[in-house]
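Could you walk me through this protein, one selection at a time? I have it open in a viewer and would like to know what to click on next.

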Amino acid sequence: MRYRKRPVVIEAVRWQNRKIVCPPGPAWFADAEAQGVIMLAGDTLHIKTLEGNMRCNVGDWIIKGVLGELYPCKDEIFLATYELVGP
């Protein structure tokens, strides 16, 4: 059998040089920091995900999923999977 991924709209920000690319950033990013879901260690973010702690390197995207979950995504995978639909 073959399956197609359903089209969904997600929110995402890109991690660059100890900051997100679109400052000041969405409220969900600040909320995740305040709740300890996102933790900064040097230039690397650590994100508590449903699958455990994951590392977000400079240039990676932080995606907010359809259930509000956060997870990192490599730039090349993000660009191959998602397209901009609006601000």
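A pocket here is an open set of grid points where a 1.4 Å probe fits, with protein on both sides within 12 Å along at least five of seven lines. Keep in mind as you go that this is a predicted model.

**Stop 1: the largest pocket**

Select I10, Y82, E83, L84 and V85. Of the 18 residues that line the largest pocket, these lie nearest its centre. The volume of this pocket is about 590 Å³. Now colour β1 (11–16) and α2 (75–81), the elements that each give two or more residues to the lining. Helix α2 gives the most, with three residues. If you colour the lining by residue class, you will find 12 nonpolar residues, two polar ones and four charged ones.

**Stop 2: the second largest pocket**

Next, select W28, D31, A32, Q35, V37, K48, T49, L50, K64, G68, E69 and L70, which line the second largest pocket. Its volume is about 170 Å³. Two elements give two or more residues to this lining: α1 (27–34) and β4 (44–49). Here α1 gives the most, with three residues. By class, the lining holds five nonpolar, three polar and four charged residues.

**Stop 3: the three-stranded sheet**

Switch to a cartoon view and highlight β3, β4 and β5. They form an open sheet in the order β3-β4-β5, and the pairing is antiparallel. Which strands are at the edges? They are β3 (38–41) and β5 (52–56), each of which pairs on one side only. Turn the sheet and look along it: the twist averages 25° from one strand to the next.

Zoom in on β4 and β5, which pair in the antiparallel sense over five bridges. To see one of the residue partnerships, select I47 and then M54 in β5, its bridge partner. While you are looking at strands, it helps to know that in a regular strand the side chains alternate between the two faces of the sheet.

**Stop 4: a hairpin**

Move on to residues 61–64 and 70–73. These are strands β6 and β7, an antiparallel pair with four bridges. Select W61 and you will find C73 of β7 standing opposite. The two strands, β6 and β7, make a hairpin with five residues between them. Click on G68 in the turn, where phi is positive at about 90°. You have met G68 already, as one of the residues lining the second largest pocket.

**Stop 5: the aromatic rings**

Keep W61 selected and add F78. The structure holds three aromatic pairs, and W61 with F78 is a stacked one, with 4.0 Å from centre to centre and 10° between the planes. This pair links distant parts of the chain: W61 sits in strand β6 and F78 in helix α2, 17 residues apart.

Are these two rings' residues buried or exposed? W61 counts as buried because its relative accessibility is 17%, and the cut-off for buried is under 20%. F78 is buried too, with a relative accessible area of 8%.

Finally, add Y82 to the selection. W61, F78 and Y82 form one aromatic cluster. Y82 also takes you back to the start of the tour, since this residue is among those nearest the centre of the largest pocket.

Note on methods
Residues numbered from 1 in each chain as written. Predicted model: local features only at pLDDT ≥ 70, side-chain atom pairs only at ≥ 80, totals over all residues. Heavy atoms only, no water. 1 Å grid on protein atoms, 1.4 Å probe; cavity = no way out; pocket = protein on both sides within 12 Å on 5 of 7 lines; lining within 4 Å. Points joined across faces, edges and corners; volume = space filled by probe spheres on them. Nonpolar A, V, L, I, M, F, W, Y, C, P; charged D, E, K, R; others polar. Pairing = 2+ DSSP bridges. Axes fitted to C-alpha atoms, helices over the stretch in contact; angles between N-to-C directions. Phe/Tyr/Trp six-rings, centres within 6.5 Å; stacked < 30°, edge-to-face > 60°. Buried < 20%, exposed > 50% of the residue type's maximum accessible area, 1.4 Å probe, protein only.
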